[in-house]
Amino acid sequence: MLEVAQYYLMGDLGLEKDTLAAYKILKKMDDYEYSQGTSLLGGIEGEYFHNFEAAKQYNMKAIQYKDPSGAYNLGELYEKGLSVERDLEKARFYSGYASVLAKVAASKQSEKFKALWDGIIPEGKSHSEADAALCAILAFWCGGDTEQMD
C-alpha cells in the first residue's frame with residue numbers, strides 16, 4: 001500500500017498524480033499504525049494542505065513508532081516555525097534524533113533496540129539490566145551526548 005501511495009504522490013508507473021488518493025491510502029495505513037504511512041501523512045498535511053498543526057501531530061506519532069522521518073519532519077517544522085514557535089534548538093534536537101534513529105535502525109542492534117525501547121525485558125534479565133542495555137545502545141549511537149540520549 002505504501003508504494004501505491006508514493007506512486008500517486010509522484011504520478012509514477014502510469015498513475016496520475018493524485019495527492020488525495022495517496023492521502024486516503026496513507027490515512028488507512030495510519031489507522032493500522034503503520035509508521036511510514038504516518039510520517040508521510042505528516043508531510044502531506046504540511047506540504048500540500050498547509051495544515052501544519054496536523055503535520056506536527058502525525059510526525060510526533062511517527063516518532064513514537066521510532067520512524068526517523070517523523071523526527072526529521074518535526075525538526076523542519078521547528079526550523080521554519082510552522083505551527084510551532086520557531087526554535088532552532090528543538091530543530092537541531094529532532095534532526096539529531098532522526099539521525100540516531102536511522103543509524104540504529106540500519107544496525108545489527110535494530111531489533112534489540114526496538115524491543116528495549118518498547119519496554120520488552122529480555123528473558124532472564126531485570127528491568128535495571130534492560131534499562132542499562134538500552135542506555136548502552138543510546139550512548140554508543142549518540143556519541144555519549146547525554147542530552148541527546150535523554
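1. A helix, as the word is used here, is a DSSP run of H or I that is at least four residues long, and helices are numbered from the N terminus. With that in place, histidine 50 can be put in the loop between helix 3 and helix 4. The model under discussion is a predicted one.

2. On the overall fold, the protein chain has nine helices and zero strands, so that, read from the N terminus, its elements run α-α-α-α-α-α-α-α-α. Taken along the principal axes, the C-alpha atoms fill a box of roughly 50 × 35 × 20 Å. Of the 150 residues in the protein chain, 36% are buried, and among the contacts with a separation of 6 or more, 41% are between residues 24 or more positions apart.

3. On the surface and the charges, the accessible surface of the protein chain comes to about 9,100 Å², and carbon and sulfur atoms account for 52% of that area. The protein chain carries 16 positive and 24 negative charges, and the mean positions of these two sets are 1 Å apart.

4. The loop between helix 3 (35-47) and helix 4 (52-64) deserves a look, and phenylalanine 49 is found there. Phenylalanine 49 counts as partly exposed because its relative accessibility is 38%, and together with Leu20 and Tyr48 this residue forms a nonpolar patch on the surface, with about 270 Å² of accessible area for the three together. Histidine 50, in the loop between helix 3 and helix 4, has a phi near 55°, which is a positive value in a residue other than glycine. Histidine 50 counts as exposed, because its relative accessibility is 54% and the cut-off for exposed is over 50%.

5. A search of the whole structure finds three salt bridges. As background, side chains of opposite charge can pair when their charged atoms come close. One of the three joins lysine 61 to aspartate 30, with the closest N and O atoms 3.1 Å apart. This pair links distant parts of the chain, since lysine 61 is in helix 4 and aspartate 30 is in helix 2 (residues 19-31), 31 residues apart. Lysine 61 counts as partly exposed at 27% relative accessibility, whereas aspartate 30 counts as buried at 5%.

6. Which residue meets the side chain of lysine 66 in a salt bridge? The partner is aspartate 118, at 2.8 Å from N to O. Here too the pair links distant parts of the chain, with lysine 66 in the loop between helix 4 and helix 5, aspartate 118 in the loop between helix 7 (110-117) and helix 8, and their positions 52 residues apart. Lysine 66 counts as buried because its relative accessibility is 12%, while aspartate 118 counts as exposed at 52%. The phi of lysine 66 is near 65°, a positive value in a residue other than glycine.

7. The salt bridge between the side chains of glutamate 89 and arginine 92, at 2.8 Å from N to O, lies within one element: both residues are in helix 6 (residues 88-105), three residues apart, or about one turn of the helix. Glutamate 89 counts as partly exposed at 46% relative accessibility, and arginine 92 counts as partly exposed at 47%.

8. Lastly, alanine 136 is found in helix 8 (residues 127-141), where this residue is partly exposed, with a relative accessible area of 47%. Alanine 136 and alanine 105 are 31 residues apart in sequence, and their C-alpha atoms are 15 Å apart in space.

Conventions:
Residues are numbered from 1 along each chain as its sequence is written. This is a predicted model: local features need pLDDT of at least 70, side-chain atom pairs count only at pLDDT 80 or more; totals for chains, interfaces and linings use all residues. Side-chain values use heavy atoms; hydrogens and water are left out. Helices (H or I, at least four residues) and strands (E, at least two) are DSSP runs, numbered from the N terminus. Buried means under 20% relative accessible area, exposed over 50%, partly exposed in between (1.4 Å probe, protein chains only). Contact means heavy atoms within 4.5 Å. Accessible areas come from the Shrake-Rupley method with a 1.4 Å probe; for residues, only the protein chains shown count as cover. Lys and Arg count as positive and Asp and Glu as negative; His and the chain ends are not counted. The place of a charge is taken as NZ of Lys, CZ of Arg, CG of Asp or CD of Glu. Patches are made of residues with over 30% relative accessible area and no salt bridge: like charges are joined within 9 Å, nonpolar side chains (Val, Leu, Ile, Met, Phe, Trp, Tyr) within 5 Å. A salt bridge is a side-chain nitrogen of Lys or Arg within 4 Å of a carboxyl oxygen of Asp or Glu.
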